[in-house]
Amino acid sequence: MQFKPSLTQFESLPLTTDQTPDDAEVDRQLVDNSSKQYTQGLTSDGNSLGPRSNLLAHQKAEEFRQMLSGHRQERQLVILQDFPDPDALSCAWTYQLIAQQYDIKCDIIYAGALSHQENIALVRLTNLPAQRWTTQTLKSKDLSSYHGFVLIDSQGTTSNLLTAVQEAKIPLLVVIDHHNLQGEITSEFVDIRPSARATATIFTQYLQAGLLTLDSSISQHVKCATALMHGLRSDTNRLMQAQEEDFMAAAYLSRFYDSQLLNAVLQATRSKRVMDVIERSLKNRIVQNNFSIAGVGYLRYDDRDAIPQAADFLVTEDNVHTAVVYGIVHDEDEELEVAIGSLRTSKLTLDPDEFIKEAFGQDRSGRFFGGGRTSAGGFEIPIGFLSGGNENPAYAKMKWEVFDTQIKQKLLKLVNPKDNPIESE
Ligand SMILES: [Mn+2]
């Protein structure tokens with residue numbers, strides 16, 4: 001499959017279109033996957049998912065089952081984005097439980113950190129089996145024992161582990177995601193549905209199709225269902241952006257999840273450092289054409305998630321429909337620096353994926369600096385040669401100013417059509 005940037009939306013700034021990109025995506029997929037086998041809009045347990053999503057869900061569940069049968073007794077690596085969110089974590093766990101039935105043993109790994117207080121609480125309270133493997137850890141592992149790797153809730157563009165795993169010649173077996181297609185994918189099983197608001201919705205549909213029979217008397221199943229409910233809620237802004245199939249998935253999970261456990265996860269409090277980043281975003285924000293843009297300077301690796309949280313907060317201001325917050329994250333262990341940013345929007349006609357790709361473009365190898373899904377997106381720009389040296393305050397300040405200015409001007413080109421020379425009348 002080939003990603004073709006469709007930037008037609010941006011030719012008619014300011015970023016509005018009558019057709020929502022998600023619908024276009026569904027239509028395309030249905031054309032690709034149209035099958036005569038589809039007969040009835042009901043799942044095995046009688047839930048109507050609506051004919052369009054039902055068709056896809058059932059075909060994909062069956063294809064998924066066949067793929068798993070063909071890989072019995074293998075070992076697989078499930079690679080998550082570097083800073084995994086509840087959607088990714090819960091789905092990886094569900095994948096592991098489904099795969100177990102085929103005697104497939106999975107290690108769920110991520111390279112970065114569990115940064116958001118709710119994610120730390122989720123993993124601790126449910127004993128969610130995800131492990132942090134840095135690129136150093138990876139070197140100490142015998143990768144030859146793995147038969148394949150799996151990408152869930154991402155397409156590998158947000159993981160630092162990918163290159164090493166590919167170099168070890170481990171084949172990509174599975175991609176299950178709801179972000180727009182990020183590039184060419186060669187994988188045995190691919191289920192990418194940009195129409196789904198959460199990967200948790202896709203996984204819940206696998207459960208409904210019988211890939212794993214949840215049992216309320218099994219504590220692990222209850223915890224996993226709770227994690228999926230959390231993933232689904234967090235990717236749909238507490239179900240406010242959920243569509244019918246997401247609600248149907250939540251309804252199914254409601255039979256098994258533990259509401260008190262979910263409540264405990266949601267009660268997790270923010271650290272002072274996260275509060276400080278949010279404060280900086282408030283102080284530094286500029287608002288133009290209903291966009292709120294804020295650079296927050298340097299932050300520690302472990303506090304990276306303060307950036308999306310700040311964006312979540314800025315987008316709640318009156319007359320703001322889209323917030324972009326960014327900063328430079330510093331990893332002391334690996335002397336690595338990366339400029340990262342998050343976008344949040346309540347504007348239905350703004351596609352975060354296209355917006356970010358258009359704003360920041362691609363690196364030399366053709367890889368985009370970021371992308372997104374409905375209502376949210378993110379980007380990562382390596383600092384490269386300019387990394388480190390921050391013990392010299394004048395240098396650190398200068399470096400931040402350069403990145404801050406460049407990111408701002410790239411964003412403002414899209415935000416203010418009048419400043420865009422291409423669009424002048
Ligand atoms: Mn997701």
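This report walks through the fold of the model above, from overall content to a few backbone details.

## Overview and confidence

The model is predicted, and the protein averages a pLDDT of 86. A score of at least 70 is reached by 85% of the residues. Take some care at the start of the chain: pLDDT stays under 50 over residues 1–48. The model has 63 contacts beyond four places in sequence for that stretch.

The protein contains 15 helices and twelve strands. Of its 425 residues, 46% count as buried. Among contacts with a separation of 6 or more, 71% are between residues 24 or more positions apart.

## The parallel strands β1, β2 and β3

Let's begin with strand β1 (residues 75–79), which runs parallel to strand β2 (residues 105–110) and is joined to β2 by five bridges. Here I79 stands opposite I109 in β2. Helix α4 (residues 86–100) completes a right-handed β-α-β unit with β1 and β2.

Strand β2 also pairs with strand β3 (residues 130–132), again in the parallel sense, over three bridges. In this pairing, Y110 has R132 in β3 as its bridge partner.

## A helix pair: α8 and α9

Two packed helices are described by the angle between their axes and the distance between the axes. For helix α8 (residues 199–208) and helix α9 (residues 219–235), the angle is about 140° and the axes are 8 Å apart.

On the α8 side, the contact is made by A200, T201, F203 and T204, which meet L228, G231, L232 and D235 in α9. Sorted by class, this contact has four nonpolar, three polar and one charged residues.

## The six-stranded sheet and its helices

Further along the chain comes an open sheet of six strands, with mixed pairing and the order β7-β8-β9-β10-β12-β11. Its edges are β7 (286–288) and β11 (370–373); each has a single partner strand, so one side of each is left without a neighbour in the sheet. Neighbouring strands of this sheet are turned by 15° against each other on average, direction ignored. Within the sheet, strand β8 (residues 291–300) and strand β9 (residues 322–331) pair in the parallel sense over eight bridges, and I293 has V324 in β9 as its bridge partner.

Helix α13 (residues 306–314) packs on the sheet, where α13 touches β8, β9 and β10 (336–345). The direction of α13 makes about 165° with that of β9. Helix α15 (residues 393–415) lies across β7, β8, β9 and β10, and runs at about 155° to β8.

## A mostly covered helix

Helix α14 (residues 352–360) is mostly covered, with eight of its nine residues buried. The buried residues include the charged-type names D353, E354 and K357 as well as F355, I356 and F360. After α14 comes G361, whose phi is positive, near 70°.

## Two positive phi values outside glycine

Two further backbone positions deserve a look. D103 has a positive phi, near 55°, in a residue other than glycine, and is found in the loop between α4 and β2. With 11 other C-beta atoms within 10 Å, D103 is exposed.

S375, also a residue other than glycine, has a positive phi near 70°. S375 lies in the loop between β11 and β12 (376–382). Is S375 buried or exposed? S375 counts as buried, with 22 C-beta neighbours inside 10 Å.

Technical notes:
Residues are numbered from 1 along each chain as its sequence is written. This is a predicted model: local features need pLDDT of at least 70, side-chain atom pairs count only at pLDDT 80 or more; totals for chains, interfaces and linings use all residues. Axes are lines fitted to C-alpha atoms, for helices over the stretch in contact, and angles run from 0 to 180 degrees between N-to-C directions. Helices (H or I, at least four residues) and strands (E, at least two) are DSSP runs, numbered from the N terminus. Two residues are in contact if their C-beta atoms, placed from the backbone, lie within 7 Å. Ala, Val, Leu, Ile, Met, Phe, Trp, Tyr, Cys and Pro count as nonpolar, Asp, Glu, Lys and Arg as charged, and the others, Gly among them, as polar. Two strands pair if DSSP finds at least two bridges between them. A crossover is right-handed if, with the strands pointing away from the viewer, the path from the first strand over the helix to the second runs clockwise. pLDDT is the predictor's confidence in each residue, from 0 to 100. A residue is buried if 20 or more other C-beta atoms lie within 10 Å of its own, exposed if 12 or fewer, and partly exposed in between; C-beta atoms are placed from the backbone.
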